Amino acid sequence: MGIEGIGARVLRKEDKRFITGAGRYTDDHKIAGMHFAAFVRSPHAYAKIKKINIKEASKMSGVAGIFNGKELTGDGIGNIICGWMVHSKDGSPMNMGAWSALATEYVRYVGDAVAVVIAESLEEAQAAAEAVEVDYKVLKAVVTAEQAMGLKAPQLHPEAKNNVIFDWEIGEEDATDAAFAKAANVVELDIRNNRLVPNPMEPRSALVQYDAAEDHFTLHTTSQNPHVARLVLSAFYQVAPENKLRVIAPDVGGGFGAKIYIYPEEIVCLWAAKRAGVAAVKWTADRSESFLTDAHGRDHFSKAKMAFDKNNKITGFKIETLANLGAYMSLFSSSVPTYLYATLLSGQYNIPNIHCNVKTVYTNTVPVDAYRGAGRPEATYLVERMMTTAARQLGVDPAELRRNNFIQEFPHQTPVIMAYDAGDFGASLDAAMAEIKYSDFEKRRKKSAKNGMLRGIGMSCYIEACGIAPSAAVGSLGAGVGLWESAEVRVNPVGTVEVLTGSHSHGQGHETTFAQLVTERFGLPKDNVQIVHGDTDKVQFGMGTYGSRSGAVGMSAIEKALDKVEAKAKKIAAHMLEAAEGDIEIKDGEVMVKGTDKKLGWHEVCLGAYTGHNLPEGMEPGLKEGAFYDPTNFTFPAGCYICEVEVDPNTGVTTIEKFVAADDFGKIINPMIVEGQVHGGLAQGIGQAMMENAVYDDDGQLLSASYMDYTMPRADNLPNFHVSTTETLCPGNPLGIKGCGEAGAIGSPPAVINAITDAIGHNNLTMPASPQNVWAAINDGGMAEAAE
Amino acid sequence: MYDTNYHRAKDAADAGKKLRACDDGMYLSGGMTLLPTMKQRLAAPSDLIDLTYIKDMNKIEVKGKEVTIGATATHAEVATHAKLAKVCPSLAGLAAHIGDPHVRNRGTIGGSIANNDPAADYPSAMLALGATIITNKRKMKAEKFFTGMFDTALAEDEFVKAVSFMAPKRGAYAKFPNPASRYAMAGVYVADHGKGDVRVGVTGASQGGVYRPKDMEKALSKSFEPGSLEGCKVDEGDMLSDIHGSSAYRANLVKVMAKRAVVAAAG
Ligand SMILES: Cc1cc2nc3c(=O)[nH]c(=O)nc-3n(C[C@H](O)[C@H](O)[C@H](O)COP(=O)(O)OP(=O)(O)OC[C@H]3O[C@@H](n4cnc5c(N)ncnc54)[C@H](O)[C@@H]3O)c2cc1C
């Protein structure tokens with residue numbers, strides 16, 4: 001591997017600028033003549049807009065323009081799309097309501113944008129926005145999915161009767177029912193997956209530069225996928241044709257899914273800059289706007305039951321899920337509770353029959369879309385809570401019930417689309433159990449009990465699907481785009497290398513790990529390699545970063561391009577060294593003829609490629625190759641997490657005493673970065689399990705709308721993590737990579753909740769297991785049993 | 001933030017004069033509460049009169065058991081004052097756990113008690129320590145000073161200059177932090193002044209703001225041990241309720257924290 005190649009713990013190249021404050025985020029960019037946008041937002045969850053009065057506001061100092069939704073649609077700006085078509089089980093297409101970037105007739109959630117003010121300074125824009133008078137007729141709102149389907153519920157969109165967007169199913173219902181009819185035991189579980197606010201450190205931001213002479217736009221924005229943003233902005237929102245729109249996603253401070261989507265603010269700033277006739281417009285969300293308008297995550301309620309035969313083998317799994325999609329359908333909102341969720345309901349287990357029914361509904365809340373894990377945490381939470389609940393009901397050890405049902409042979413076709421390609425679930429279970437000293441747990445429980453504390457242990461054997469995904473496959477399931485990735489490797493005449501990638505790094509460390517591929521291949525120091533990403537003028541096209549796809553898909557494209565560069569470099573070297581191409585070897589920055597002392601420096605071959613003085617007959621000069629990589633399958637990271645907690649029955653405060661993660665991510669390029677991804681994922685998963693909760697009141701006001709009320713996990717809430725990996729290579733891509741970006745957030749919530757329910761002795765606990773909720777659960781009963 | 005005018009008060013008299021001279025002025029100390037509110041455009045004072053440049057108003061004096069803390073002493077200064085830590089470690093410990101280092105290095109005791117946030121820590125200590133609040137106009141006992149949530153006896157142009165108290169024989173503060181904000185969700189300050197005089201200040205929990213639970217004080221005055229609190233009842237009906245803690249949960253916390261404070265003080 002070399003000291004900087006594949007498998008090396010190379011420090012992150014990008015960290016110098018990040019930790020010295022030299023990063024360049026969207027809001028750091030300034031343009032002469034720059035104006036500022038401030039949005040007039042609805043204070044009501046549901047209301048009809050009667051009148052917008054801008055008389056006073058438009059006279060205020062610095063104001064260049066105030067625009068509303070009717071003007072926006074009047075200028076031909078298209079409605080916001082959902083990029084994944086899902087059909088109901090009766091074959092009808094999803095019932096999608098219209099979403100205009102500025103509301104035209106109705107506002108449907110608190111924070112819905114009604115108008116925009118463009119002014120010379122931010123203060124002037126805010127002052128004028130406050131002076132815009134909107135006359136609303138307030139309507140009764142609905143905030144939960146259960147209530148939204150009620151007979152008397154307010155109707156949000158004429159397209160969606162009873163607010164139902166679609167009623168979808170997967171798997172064979174009859175066969176599953178038959179399995180239940182024959183079951184020796186049936187275990188039932190109702191389960192809620194709490195709603196989360198994504199909270200990237202950097203709030204969303206957009207900076208539009210409009211060149212009137214060229215009628216050309218440049219948009220700097222906080223995007224995980226600038227090319228997709230450009231495609232959608234031009235093809236659907238008609239702000240400008242693609243060749244007149246450059247999208248740059250510079251340094252981006254975290255995304256977690258929330259920065260995949262193209263939001264109203266970017267669309268409005270592009271349109272308003274031109275309409276107001278100003279050179280540039282900047283908007284940066286304040287933290288309150290982030291809470292109110294970033295797409296939220298999760299928010300499922302499910303009823304599930306699992307059938308077992310007399311040998312405790314699972315014979316059937318049946319689930320009904322209700323998913324709250326908020327007020328409008330965000331870009332990938334339809335895929336999250338369907339193809340990204342229900343396809344993982346087989347977990348790590350051999351389950352012959354699965355049926356899942358998913359209803360999605362509109363409510364007067366901010367749109368819900370993919371958030372770290374996207375559907376897979378919801379599936380894992382359901383499966384893994386079910387397994388532990390079943391083990392308790394059947395009276396067997398949770399580890400043994402799992403082991404008894406593990407899939408042992410690969411490839412394995414599940415009844416819910418996914419075909420698992422490789423894995424060794426027993427290996428990660430064994431590793432995690434050994435690390436946490438599972439067999440000694442009862443001793444530790446007794447010791448805690450002596451101190452009046454309740455101790456519990458819980459596990460989660462998760463599997464998830466990354467590397468999204470073969471384009472034809474996702475196309476057949478309704479995706480509006482292909483999910484390949486592109487790369488270009490540009491070797492300079494002096495031998496340094498630029499790698500242009502369609503992946504986008506917003507915390508993942510691509511500038512380091514992607515460079516390690518080049519280092520491995522040619523033996524160049526990583527500092528001779530520059531990773532270029534996030535600019536539609538530089539990188540031809542790409543699908544961006546989400547779903548832990550940049551390793552499995554993005555790096556595969558780079559590998560393919562490197563193959564081509566290597567092949568051409570070898571041809572050139574063979575010609576220059578008068579040797580057979582097959583005898584050329586590239587190592588440690590040198591190009592040599594195997595078994596001889598004949599060699600050239602890498603830079604000499606590169607220079608040769610560019611001088612063109614001595615190239616093989618007919619060869620084009622230069623050394624630059626591109627590749628597109630379309631994955632052959634999803635990849636399937638899997639692992640086992642075990643959590644041990646101590647609960648203070650007096651206060652409900654739960655302390656994580658130990659947390660063990662044993663993951664199988666396939667090939668690992670940089671273990672340090674992978675550990676960082678796991679740590680971050682675990683922090684988010686534990687955050688969901690014990691702290692984070694987006695709460696709306698009955699009127700649709702977000703109660704947890706700031707850090708005073710939204711509990712973000714902090715360092716002192718978390719233990720030192722014990723992380724390790726086992727490795728089965730992914731057979732589907734050249735490097736054998738599976739992906740590691742979301743596993744921590746996917747696998748951890750059920751481990752934590754299984755541990756706490758073990759401690760308190762019953763299952764009557766909802767996420768998040770905040771001190772209050774745990775205390776209430778203990779006082780609901782079952783405490784004496786647990787404390788024994 | 002709306003436009004505002006900033007003034008620095010030279011001395012106490014100057015501060016009052018400056019405030020009276022402006023339209024809708026407010027005193028400013030650490031700004032840890034006031035500035036975020038202004039940034040959110042929820043407060044719009046025409047003028048700010050900064051008290052923190054008034055000479056010696058941040059002084060902490062300890063003479064035997066007699067403690068005086070100037071209003072602009074920061075939480076960090078209170079937390080790290082060696083003499084104070086000796087005579088009244090519970091107050092230094094309380095200050096050390098307010099907010100985060102930024103907040104502790106800017107926020108002041110005067111600002112905190114003047115704001116009388118129902119979840120703030122200091123008010124409970126002022127009650128339990130039997131503190132006297134010294135303003136630019138008068139002196140009053142803490143009971144008189146705190147008049148309800150976010151409410152004090154301070155007049156328009158009146159400000160806190162200092163607080164003073166006699167250090168108790170023993171004392172402790174037990175705080176249950178709100179998981180999100182880490183302000184007190186139930187904070188109980190127990191001070192044993194000797195000769196059967198035990199005072200208890202409870203913050204974070206009650207709808208009426210900081211208060212003294214008389215039954216707990218009575219029980220502890222008889223016997224200063226956690227078991228004495230067993231029979232005391234915290235009325236759920238008086239408690240705050242929000243997404244982090246129902247009134248029942250808060251009532252429970254008050255009792256649990258009170259016991260823990262007694263254990264810590266006795267220990
Ligand atoms: C992130 C964060 C966490 C926090 N956590 C806690 C916590 O855990 N516990 C806790 O108790 N507090 C907490 N606080 C509040 C903190 O202690 C503040 O410092 C305090 O509440 C106000 O003090 P200040 O000096 O900053 O006052 P300022 O913000 O300057 O003023 C607050 C109010 O008091 C008035 N005022 C200021 N000084 C005086 C004076 N001398 N006389 C009369 N009126 C005056 C002002 O006009 C204003 O109305 C936190 C604050 C933040 C930002």
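**Chat on a helix, a pocket and a helix pair**

Q: Is helix α7 of chain A mostly covered or mostly open?
A: In this predicted model, α7 of chain A, residues 226–235, is mostly covered, with 8 of its 10 residues buried.

Q: Which ones are buried in α7(A)?
A: They are A:Pro226, A:His227, A:Val228, A:Ala229, A:Arg230, A:Val232, A:Leu233 and A:Ser234.

Q: And what covers the buried residues of α7(A)?
A: The cover includes two strands of chain A, β10 (216–221) and β11 (245–248), along with helix α8 (264–276).

Q: Switching to pockets. What volume does the second largest pocket have?
A: About 620 Å³. It is lined by 31 residues, and those closest to its centre are A:Arg192, A:Asn693, A:Ala694, A:Val695 and A:Tyr696.

Q: Which element gives the most to that lining?
A: Strand β8(A), with 4 residues. Elements of chain A that each supply at least two include α5 (145–148), β13 (297–308), β14 (314–324) and α20 (771–779).

Q: What is the lining like by class?
A: The lining has 12 nonpolar, 13 polar and 6 charged residues.

Q: Next, α15 and α16 of chain A. At roughly what angle do their axes cross?
A: Roughly 35°, and the axes of α15 (510–522) and α16 (550–577) come within 11 Å. The crossing is right-handed.

Q: Which residues make the contact?
A: From α15(A), they include A:Phe514, A:Leu517 and A:Arg521. From α16(A), A:Met555, A:Ile558 and A:Leu562 are among them.

Q: How many residues of each class are in the contact of α15(A) with α16(A)?
A: There are 8 nonpolar, 3 polar and 4 charged residues.

Notes:
Residues are numbered from 1 along each chain as its sequence is written. Chains are lettered from A and ligands numbered from 1 in the order in which they are written. This is a predicted model: local features need pLDDT of at least 70, side-chain atom pairs count only at pLDDT 80 or more; totals for chains, interfaces and linings use all residues. Side-chain values use heavy atoms; hydrogens and water are left out. Buried means under 20% relative accessible area, exposed over 50%, partly exposed in between (1.4 Å probe, protein chains only). Contact means heavy atoms within 4.5 Å. On a 1 Å grid over the protein atoms alone, a cavity is a set of points where a 1.4 Å probe fits but cannot get out, and a pocket is an open set with protein on both sides within 12 Å along at least five of seven lines; lining residues have an atom within 4 Å of a point. Grid points are joined across faces, edges and corners, and a volume is the space filled by probe spheres set on the points. Ala, Val, Leu, Ile, Met, Phe, Trp, Tyr, Cys and Pro count as nonpolar, Asp, Glu, Lys and Arg as charged, and the others, Gly among them, as polar. Axes are lines fitted to C-alpha atoms, for helices over the stretch in contact, and angles run from 0 to 180 degrees between N-to-C directions. A crossing is left-handed if the near helix is turned anticlockwise from the far one by less than a right angle, and right-handed if clockwise.
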